[in-house]
Amino acid sequence: MLALTLLSSGAFAQGAEPLSLNLMMSLIKSVTLDGKVTEQTVANPRSVFPGDVISQVITVKNNTGRAIQNVPVKLPVPRSTVYLAAEQGLNAARVEYSIDGGKTFATAPLMKSVTVTENGKAVTRMVEVKPSEYNAVRWIVNELPAGQSLKLGYRVQVK
């Protein structure tokens, strides 16, 4: 388990700061038990292979004596993986995505302009960004009460 603390500047450091973030990565395997396909998780796998699905879950804890509002929590999509979807059954927060390495974020669906050639002329069109193009995710936690924690996460697939 990777233990990180988010400082007010948005940088990560170890120590007793107001907000701590703990990242847990798990390999998701489909297994058949009693004739029924179910998911099995392997925490902190030693190795992964192309096609494997990984769950990234970040636990956000408020270490202060007061509630904090509008907390941004940003997590990059790891290199050599493709974003699949939000992890189901976790806490709700406003989710935004980035396709420029975390410089800008927007809610889905994201749009981008592309230039195509039609009848010999360059034409710019807006197209919807596929989730597989996301390279960072940011959650905006409306309020996190004093001493409380919540979990946020998503799944990726190894390229």
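In which strand is Ser26 found? In this predicted model, Ser26 is found in strand β3. The strand covers residues 19-33, and a walk along it is a convenient way into the structure.

Strand β3 pairs with β4 in the antiparallel sense, over eight bridges. One of the residue pairs involved is Leu27, whose bridge partner in β4 is Val42. The two strands form a hairpin with two residues between them. In the turn of this hairpin, Asp34 has a positive phi of about 55°. Strands of a sheet in general pair through backbone hydrogen bonds, in a parallel or an antiparallel arrangement.

Ser26 itself is buried, because its relative accessible area is 12%, and burial here means a value under 20%. Leaving aside neighbours within four places in sequence, Ser26 is in contact with Thr41, Val42, Ala43, Asn44 and Pro45, and also with Val53, Ile54 and Ser55. The last residue in that list, Ser55, is the next stop.

Ser55 has its place in strand β5, which spans residues 53-62. Ser55 is buried too, with a relative accessible area of 6%. Apart from residues up to four places away in sequence, Ser55 touches Met24, Met25, Ser26 and Ile28, together with Glu87, Tyr154 and Arg155. With one of these, Glu87, the contact is polar: the side chains of Ser55 and Glu87 meet at 2.6 Å. Thr41 offers a comparison of sequence and space, as Ser55 and Thr41 are 14 residues apart in sequence and 8.6 Å apart in space, C-alpha to C-alpha.

Glu87 leads on to the charged residues. Glu39, Glu87 and Arg155 are linked in a network of salt bridges. Within it, Arg155 forms a salt bridge with Glu39, where the closest N and O atoms are 2.8 Å apart. This pair links distant parts of the chain, with Arg155 in strand β12 and Glu39 in strand β4 (residues 36-43), 116 residues apart. How do the two partners differ in exposure? Arg155 is buried, at a relative accessible area of 18%, whereas Glu39 is partly exposed, at 47%.

The salt bridges of the model come to six in total. Another of them joins Lys112 to Glu133, with the closest N and O atoms 2.5 Å apart. Lys112 lies in strand β9 (residues 111-118) and Glu133 in the loop between β10 (121-128) and β11, so this pair ties together parts that are 21 residues apart in sequence. Lys112 counts as partly exposed at 26% relative accessibility, and Glu133 likewise counts as partly exposed at 29%. There is also a salt bridge between Arg94 and Glu96, whose closest N and O atoms are 3.4 Å apart. Arg94 is partly exposed, with a relative accessible area of 43%, while Glu96 is buried, with 8%.

Residues 94-98 make up strand β8, which belongs to an open sheet of three strands in the order β6-β11-β8, with antiparallel pairing. Why do β6 and β8 each have one side left without a neighbour in this sheet? Both stand at the edges, and each has a single partner strand, so one side of each is left free of a neighbour in the sheet. Strand β6 covers residues 68-76. Neighbouring strands of the sheet are turned against each other by 20° on average, direction ignored. Strand β8 is joined by five bridges to strand β11, residues 136-144, and the two run antiparallel. In β11, Ala136 is the bridge partner of Ser98.

The last topic is the nonpolar interior. The largest nonpolar core has 25 residues. Those with the most contacts inside this core are Ile58, Val60, Val73, Trp139, Leu152 and Tyr154. The elements that give two or more residues to the core are β3, β5, β6, β11 and β12. Strand β12, which covers residues 149-158, gives the most, with five residues. Several of the strands already visited thus return here: β3 holds Ser26, β5 holds Ser55, and β12 holds Arg155. Tyr154, one of the residues with the most contacts inside the core, is also among the residues that Ser55 touches.

Terms used: Residues are numbered from 1 along each chain as its sequence is written. This is a predicted model: local features need pLDDT of at least 70, side-chain atom pairs count only at pLDDT 80 or more; totals for chains, interfaces and linings use all residues. Side-chain values use heavy atoms; hydrogens and water are left out. Two strands pair if DSSP finds at least two bridges between them. Helices (H or I, at least four residues) and strands (E, at least two) are DSSP runs, numbered from the N terminus. Axes are lines fitted to C-alpha atoms, for helices over the stretch in contact, and angles run from 0 to 180 degrees between N-to-C directions. A nonpolar core is a set of buried Ala, Val, Leu, Ile, Met, Phe, Trp, Tyr and Cys residues joined through side-chain atoms within 4.5 Å. Buried means under 20% relative accessible area, exposed over 50%, partly exposed in between (1.4 Å probe, protein chains only). Contact means heavy atoms within 4.5 Å. A polar contact is a pair of N or O atoms within 3.5 Å; within protein, one must be able to donate a hydrogen and the other to accept it, and residues adjacent in sequence count only if both atoms are side-chain atoms. A salt bridge is a side-chain nitrogen of Lys or Arg within 4 Å of a carboxyl oxygen of Asp or Glu.
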